[in-house]
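Work through the exercises below with the sequence and the structure open. Try each task before reading its solution.

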Amino acid sequence: MQNEWRMEREMDICKKIAEELAISTWQVEAVVRLIDEGNTIPFIARYRKEQHGTLNDEQLRNLDERLSYLRNLEDRKETVLSSIEEQGKLTDDLRKQILAAQTQVELEDLYRPYRPKRRTRATIAKEKGLEGLADIILLQKTDRTPEEEAEPYIDAEKGVASAEEAVQGAMDILAEAIADKADYRMAIRKVTADKGILVSTAKDPEEKSVYENYYEFESSISKLSGYQVLAINRGEKEKLLTVKIQAPEEEILRYLSKKIIVREQGAMADCLVRTIEDSYSRLIAPSIEREIRSDLTEKAEDGAIHVFGRNLIQLLMQPPIAGKVVLGWDPAFRTGCKLAVVDETGKVLDTIVVYPTEPQNKVAETKRIVKGLIEKYNISLISVGNGTASRESEQVIVEMLKEINRPVQYIITNEAGASVYSASKLATEEFPQFDVGQRSAVSIARRLQDPLAELVKIDPKSIGVGQYQHDMNQKKLSGALGNVVEDCVNNVGVDLNTASASLLEYVSGITKPIARNIVAYREENGRFQSRRELLKVAKLGPKAFEQCAGFMRITEGKNPLDATSVHPESYDAAKELLKLLGYEPEEIRNGLTGLSRQAKNRRKLAEQLGIGEATLEDIIMELEKPGRDPRDEMPKPILRTDVLDMKDLKEGMILKGTVRNVIDFGAFVDIGVHQDGLVHISKLTDKKFVKHPLDVVSVGDVVEVKVLNVDLQKKRIQLSMIL
């Protein structure tokens, strides 16, 4: 019976998710089955397309999230039903209401009257035997006054010394009962959310702060933006703002009176009016305000996490600048600028510290040293961190580049998280002989060569492409950003013979211990010659192999298919396809241009090969361009040879820049002056209404902007993409 109920519950969950995501129930059921079998989302998205009807990564992540929520909701319903049943208070009607609850909030409203409570005014009154009087007042069937009805309840031994005390105790019981009634709470919560106003005021109006926009602020709850909610929350946390929700109190009290008072001229009416007012002001209003504030925060966090995730995708998927020896430059004043030279593969060739900035100002010596490094290692690109002393370092670099007769360019690199990485256990293990500055310089250099491989070493929260990340639910944020990194890594694939443990642990089916075991195996046995060799790695069993193999690449291995994203389970089909079209497997290495044109009548061909059409399409695409990198389609970073100062900016100037961050109200664009300019959402385009800046721009986009205003004192630049 229990199993039947659980199966029915799962069917209901699948139907609900299908409705919410506007997909078919069979697709949801297929994905749920695959998830329950231990398959990862990247694996399901890439290698089980026929089973779920080619849902994309985002749809699958949303499905997985809703599945978890709804299953938790159903588990909570079981707990609630069991608790109420143990109390002997579970009715058929209540059971139906609980089973029909669609959200955690609705479920908790229903459970509220039965949830074990600490001692309240109402429980104390019940201990004094005043429930009967409370019932008399609520039923309103008597013409006697509450005090007259209270006479029999006066009992000195129970602590009821007078009729007035008895009436007050009865009112406390009723006030709590009103506050606990699910229907009332739902209605009051809705009217407060729809018609309430959030008011924010300054604790000290004279104090200067970044929250001045919220010193005298009010907005309808329904119209609040996510970034406003998070900013107000932070201002309140820092004790600079006082925040309050103003509810339509008169309307709420009228609603409660209409529901509770059946005889407006009756003897109990006045007592009930006072009870309702007390229940609302003392119990309901504070609770509903907390719930609404919590709901606003949760929605704001979800929106911010979504934006953070979208920005992170763009940052991680920046195209690598391959084939260049790079000089990483971590700028600083007193402690000097740390330099690191890395070769085309990211191997560190040299490190040194120079002192071109205050207080030592050894500019000539720095130029001589850097020119020597450029000559010795054939450096063609300098990656300069955008932190302290970056501006001064850039000036020295530009002057030096004008003095040498070879093509060297530089780029200002966002160094967010570099200091976090350089002080981490991982960096210490990777470069035990280096100090934190040297490690940071290496990271700044490698970020250009392969942004994804380098940035996975850093906690995604520290990469600096979001807002208010430290104020959010850290578990939820980490989970969401971890999923983003996982999707990016598996979308690109990893070179099994060069990938770090940090990169490998994001591959489908690979845990941190297995990632370390792969690296250890490689160090002990040399290069992997085939994907099958992965099965010799400690703790990497058949299931993990199934999940990870397609995302691992082996260049110059024994089997040319190992360099592609074709999964080993499809090797026989791929070889048969090559045979049918007249190719040898070795020809794959250079790419089989035109294969798509030759493979006609895909449905018949897929049936012949014993695979699905979607899998066939993927195989053909991969054999045409083996090991293709989706990052190649992303905008290339802007390389520079000259410097631009903020004071050089003039209104009306048209410049090229790189989008560094996208937030709810606009986008920050790096135009090469060390102070990112803001393109307000209203200045992104005049061709359509922009609901969110992400609809127009993404992190890493190279865009043309016009300078609208420059405030040197406040270091603010206003830009427009409407040229």
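Buried means under 20% relative accessible area, exposed over 50%, and partly exposed in between, with a 1.4 Å probe and protein chains only. This is a predicted model: local features need pLDDT of at least 70, side-chain atom pairs count only at pLDDT 80 or more, and totals for chains, interfaces and linings use all residues. Residues are numbered from 1 along each chain as its sequence is written, and side-chain values use heavy atoms, with hydrogens and water left out.

**Exercise 1. Loop residues**

Task: Classify alanine 22 as buried or exposed, and place it.

Solution. Start with the area. Alanine 22 has a relative accessible area of 69%, so it is exposed. Next, its place: the loop between helix H1 (2-21) and helix H2 (25-36). Helices (H or I, at least four residues) and strands (E, at least two) are DSSP runs, numbered from the N terminus. Last, the backbone. Alanine 22 is not a glycine, yet has a positive phi of about 55 degrees.

Task: Describe the loop between strand S6 (348-354) and helix H16 (363-377).

Solution. Proline 359 is found in this loop. The peptide bond from glutamate 358 to proline 359 is cis, with omega near 5 degrees. Asparagine 361 is in the loop too. Its phi is positive, about 55 degrees, although asparagine 361 is not a glycine. At 40% relative accessible area, asparagine 361 is partly exposed.

**Exercise 2. Helix H13**

Task: Check the length of H13 (residues 226-237), then find what covers its buried residues.

Solution. The expected span is 1.5 Å times one less than the number of residues. Twelve residues should therefore span 16 Å, and the end C-alpha atoms of H13 are 17 Å apart, which agrees. Now list the buried residues of H13: Gln228, Val229, Leu230, Ala231, Ile232, Asn233 and Gly235. Their cover includes strands S1 (197-202), S2 (216-220) and S3 (241-246), and helix H15 (269-316). Just after H13, lysine 239 takes a positive phi of about 60 degrees.

**Exercise 3. Two helix pairs**

Task: How do H5 (residues 57-86) and H7 (residues 104-111) pack?

Solution. Two packed helices are described by the angle between their axes and the distance between the axes. Axes are lines fitted to C-alpha atoms, for helices over the stretch in contact, and angles run from 0 to 180 degrees between N-to-C directions. For H5 and H7 the angle is about 5 degrees and the axes are 10 Å apart. Angles under 35 degrees count as roughly parallel, over 145 as roughly antiparallel, 65 to 115 as roughly perpendicular and the rest as oblique. H5 and H7 are therefore roughly parallel.

Task: Repeat this for H11 (residues 163-180) and H15.

Solution. The angle is about 55 degrees, with the axes of H11 and H15 8 Å apart. H11 and H15 are therefore oblique to each other.

**Exercise 4. Two buried side chains**

Task: What surrounds threonine 192, and what surrounds arginine 522?

Solution. Contact means heavy atoms within 4.5 Å. Threonine 192 is in helix H12 (residues 182-195) and is buried, at 3% relative accessible area. Not counting residues up to four places away in sequence, threonine 192 touches Ile221, Ile245, Ala247, Pro248, Ile252, Ile288 and Ile292. Arginine 522 is in helix H24 (residues 512-525). At 13% relative accessibility, arginine 522 counts as buried. With the same sequence exclusion, arginine 522 touches Leu496, Asn497, Thr498, Ala499, Leu504 and Phe528.
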